[in-house]
Amino acid sequence: MAAVPATRTLRWALAAIAGGLVLAAPFVVTDKYLLRILTFVGINLIMVAGLSLLFGYAGQISLGHAAFYGLGAYTSGFLAKLGVAWPLALVAGVAAAALGGLLLALPSLRLKGHYLAMATLGFGEIMLFFFTETEVITGGSNGLRGIPPAGLGPLVADTPQTKYLLVWAVACVVLLLAANVVRRRPGRALRAIHGSEMAAQACGIDTVRMKVQVFVISAALGGLSGVLYAHYVGFISPSTFTLHYSLVLVTMVALGGMGSLAGAVAGTVLLTMLPYADAIIPGLSRATVELLQDWESDIHGMVLILVMLFMPGGLAGWGRSFLARISVRRARSAGGDA
Amino acid sequence: MLEIDAVFAGYGRVPVLHGVSLRAAPGEMVTLVGANGAGKSTLLKVAAGVLAPQSGRVLLAGEDVTRVPSHRRVGTGIVLVPEGRMLFAGMSVAENLTLGAYLRTGAAARRAVESDRERVFDLFPVLADRLEQPAGTLSGGEQQMLAIGRALMADPKVLLLDEPSLGLAPKVIGEIFSVLDRLRGSGLTMVLVEQDARLALKHADRGYVMRTGEVVLEGSSAELLANDDVRLIYLGAWHGTE
């Protein structure tokens, strides 16, 4: 029992340290390459926070989240190119993704397990086809070029530092909100649905409504992430919004551990940075980096298989058993002293 | 308190219940006994709203709740302790209990929820010692206690119990039924589905004997225990008295 306040303090300390590092990074890091990768980490975190609520907490798998990423990116990118102010384009991008999520959720959340996986996978493929074929809007397979950077009036995020700060400000807000949700009543309800839908209903939880809500929220966060991506990179093409990306996202949540937001964050940071390990490990040989990049998909697949086989609790499961071991040891040594 | 009126129900195109009626007066414990597949659990599911009847009505204190969906029926006061307990295995005992009171939000309800928690710990002291433990790691008996505790957290007017003795040792069954006796003493209305007819009739006020989707016999527990047919079919030695 004494371990509870200890882990809570530890959690706050870790969060504070992480927050400080995030804020300090653009002022300390002079390497543009590293800053770019860290920005991508932020973009992926927003996406994975949503998927963690849906998949990690409520247990509803989606193999089509790249579609929401694309809906946000294309909607916002297209509107911004027409001259629509960025905040409006952002809202439209998020709304488009949320609407897509709602349209998919209403019929398919009656499905469970493999069937839901197949339905979302199909949705992802349909949307990918849509992104490729509606050339008037999306530029087809040539992509959409010249998307202006995010900004509001004279404030424009057009330097690597300001882009980084924008992305991470959004990511921090999203993570804080998500952390709040999962610790409270709605988070408990989501985990209850994951545990047993019938028991959740027997407790008075409107499971259908909850599932639709979390799906829409998750899709909206995917859209938000896509909007930030489009205005960060300035160019988007269908090759980004593929099944592979959806699978990478699922792998990030699984690696982190089901039902753990902190784990999902860790999984995202690790897997996003892995192909660019040379940015943080200075001495890494060019050959090694090339190997990591060439085999990126294979590594993701291997990670997913290994996690499922050997650490179903993911990184969070490891962390928990580590903390439990510490508290047991502490309790033992305290007992020995007495 | 609870009235089930001429219910026909089934799964898909397979009919299970053929016009079953049941009535539980306030503070009464009634039991449904009968062989496997007689429709006992199905009737409970209709009462809990998990299964919509094809026809017939479910009334709570005179009010028709037939069309109230299961998650909202909890709010009306009909609460199910599902067969096989169906706890949230990965969540702690405390969280399972909190989820039981899911619909009771707001400042006014908080104090009542807290006192109900205390009552659950008073009924099942072992749960208070296991608060932080994941529900899945409890023993079978403790899990059944938690399932009942979780249902009590919803402040039920009618508690529906589906096979609470399933897979438990006689000693644990005794403990659980003594708690059910206490709950009956406190005025809670209960409908108990039980495989072990002798056990059920020993504790309940009245009983309904079901066979292939129909009530074939009803009466006070004493009457049923004395009935030759019941004794022969449901209380026979081959049925096992453990």
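This report walks through a sheet, a chain contact and a few single residues in a predicted model.

Residues are numbered from 1 along each chain as its sequence is written, while chains are lettered from A and ligands numbered from 1 in the order in which they are written. Because the model is predicted, local features need pLDDT of at least 70 and side-chain atom pairs count only at pLDDT 80 or more, whereas totals for chains, interfaces and linings use all residues.

Let's start with the sheet in chain B. Four strands, in the order β2-β1-β4-β5 (chain B), make an open antiparallel sheet. Strands here are DSSP runs of E with at least two residues, helices are runs of H or I with at least four, and both are numbered from the N terminus. Two strands pair if DSSP finds at least two bridges between them. At the edges sit β2 (14–24) and β5 of chain B, each pairing on one side only. Strand β1 (residues 2–11) of chain B runs antiparallel to β4(B), with 5 bridges between them. Glu3(B), for one, has Leu59(B) in β4(B) as its bridge partner. Helix α1 (residues 40–48) of chain B packs on this sheet and touches β1, β2 and β4 of chain B. The helix direction makes about 115 degrees with that of β1(B); axes are lines fitted to C-alpha atoms, for helices over the stretch in contact, and angles run from 0 to 180 degrees between N-to-C directions.

Now for where the chains meet. The contact draws on 15 residues from chain A and 21 residues from chain B, a contact being two residues whose C-beta atoms, placed from the backbone, lie within 7 Å. On the chain A side, α8 (185–195) and α9 (197–202) are the elements that give two or more residues. The largest share there, 5 residues, comes from α8(A). By type, that side of chain A has 7 nonpolar residues (Ala, Val, Leu, Ile, Met, Phe, Trp, Tyr, Cys and Pro), 5 polar (the others, Gly among them) and 3 charged (Asp, Glu, Lys and Arg).

Finally, some single residues. A residue is buried with 20 or more other C-beta atoms within 10 Å of its own, exposed with 12 or fewer, and partly exposed in between, the C-beta atoms being placed from the backbone.

| Residue | Place | C-beta neighbours within 10 Å |
|---|---|---|
| Ala61(B) | loop between β4 (55–60) and β5 (63–64) of chain B | 14, partly exposed |
| Glu163(B) | loop between β7 (158–162) and α7 (170–185) of chain B | 21, buried |
| Gly319(A) | helix α15 (residues 314–337) of chain A | 18, partly exposed |

Ala61(B) has a positive phi of about 50 degrees despite not being a glycine, and Glu163(B), also a residue other than glycine, has a positive phi near 50 degrees.
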